[in-house]
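I opened this notebook to keep track of what I looked up, step by step, in a structure that was new to me. The entries go from the whole chain to single pairs of side chains.

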Amino acid sequence: ASTFASVTEVKTPDANTEVIELSQPAPYLLRALAAAESPILPKHIYENTDPLKNPNGSAPIGTGPYLFSQWVRGSHLLLKSNPNYWDKEKPYVDQIVIRFIPDASSRSIAFETGTVDLGYRSPVALSDLDRLKAIPKLAFETKGTSYSYNVSSLHFNLDDEHFKNLKVRQAIAHTLDRELIRKVAYYGYATVTTSPITPGLKDFHDPSPSPYALDIKRANQLLDEAGYPRDTKGIRFKTILDYNPISDGLKPTGEIVRSSLAKIGIDVTLRSQDLSAFVKRVYTDRDFSFTLNGHSNLFNPT
């Protein structure tokens, strides 16, 4: 809804023209009209229905180069070329089969054997990339996610008894080696940022260095000031870190966070769960202390 907050009226003077009137300038809106943010929906299908229960949700009508043909749950999705597509010579490929392969090693094998042709956002484990790059028939491209950059970061529950204290959060920031995370958890396929806005969005990104440089001495000092002395085992307090399982890089990042925070007396337990359980815990129940999660920066952070 915020994407179109400035829209006051939409006029259609003829069958092929749409005029969007705004209450104030919204320069991001042109990019926001891309299908990922603003899909075209068939009014005659959705009108006077519950959109969450509408059958179009599982067998959608499309206006793009491909049309929905078949969905076999847990197996594949079949798309066929749209004979009425506006660019008459396209698409060049008659159909696309989108396969669902949950296991990363199985995806690697599929590329090696030629049973799949294309994958998005590293369809294979990052640890397997160098080996697969040596195979002549396979090609890799690190560009292509410029519409939806993802930023991985620590998210604190500010209702938590420990993390509601600013000095505790600052101590943690002083303890994490971002370059180590980039090299180890992401095998070098990442860019360090200290801003929530990705470096890829150059018009909005702040390249300033972090005010929290790697400084274990300062981190310990902050925790002392926060009132968390070490016990006889050197532990200040114990906590649980949840990570989003959808990203291959977040679990190894969590392991680095756990070992890093042990240096300043914070005993971290890493908790794994499936995606639905993670979402419910964090966004419905708020039953968490801190999490490792990603958020996508689209065309414009506003």
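The entries below begin with the overall chain and then turn to its salt bridges.

**Entry 1, the whole chain.** I noted at the start that this is a predicted model, and I then looked up its secondary structure, which comes to nine helices and nine strands. Taken along the principal axes, the box filled by the C-alpha atoms is roughly 75 × 55 × 35 Å.

**Entry 2, burial and contacts.** I looked up how much of the chain is covered and found that 32% of its 302 residues count as buried. The chain exposes about 19,400 Å², and carbon and sulfur atoms supply 54% of that area. For contacts with a separation of 6 or more, I found that 57% are accounted for by residues 24 or more positions apart.

**Entry 3, charges.** I looked up the charged side chains and found 35 positive and 34 negative ones, with the centres of the two sets lying 5 Å apart. How many salt bridges does the structure hold? I found 13 of them, and I followed some of these in the entries below.

**Entry 4, R218 and E225.** These two residues form a salt bridge in which the closest N and O atoms are 3.8 Å apart. I checked both partners for exposure: R218 is partly exposed at 29% relative accessibility, and E225 is also partly exposed, at 39%.

**Entry 5, R236 and D224.** Here the closest N and O atoms of the salt bridge are 2.7 Å apart. Because D224 lies in helix α7 (216-225) and R236 in the loop between that helix and β7 (237-243), the pair ties together parts that are twelve residues apart in sequence. I noted that R236 counts as buried at 10% relative accessibility, whereas D224, at 49%, counts as partly exposed.

**Entry 6, D242 and R271.** I then looked up a salt bridge between D242 and R271, which meet at 2.6 Å from N to O. D242 is in strand β7 and R271 in strand β8 (residues 266-271), so I recorded the pair as a link between distant parts of the chain, 29 residues apart. Is D242 buried or exposed? I found D242 to be buried, with a relative accessibility of 0%, while R271 is partly exposed, with a relative accessible area of 23%. Following the shared partners further, I found that salt bridges join D242, R271, R281 and D287 into one network.

Definitions and conventions: Residues numbered from 1 in each chain as written. Predicted model: local features only at pLDDT ≥ 70, side-chain atom pairs only at ≥ 80, totals over all residues. Heavy atoms only, no water. Helix = DSSP H or I, 4+ residues; strand = E, 2+ residues; numbered from the N terminus. Buried < 20%, exposed > 50% of the residue type's maximum accessible area, 1.4 Å probe, protein only. Contact = heavy atoms within 4.5 Å. Areas by Shrake-Rupley, 256 points an atom, 1.4 Å probe, with all protein chains shown as cover. Lys, Arg positive; Asp, Glu negative; His and termini not counted. Charge placed at Lys NZ, Arg CZ, Asp CG, Glu CD. Salt bridge = Lys/Arg side-chain N within 4 Å of Asp/Glu carboxyl O.
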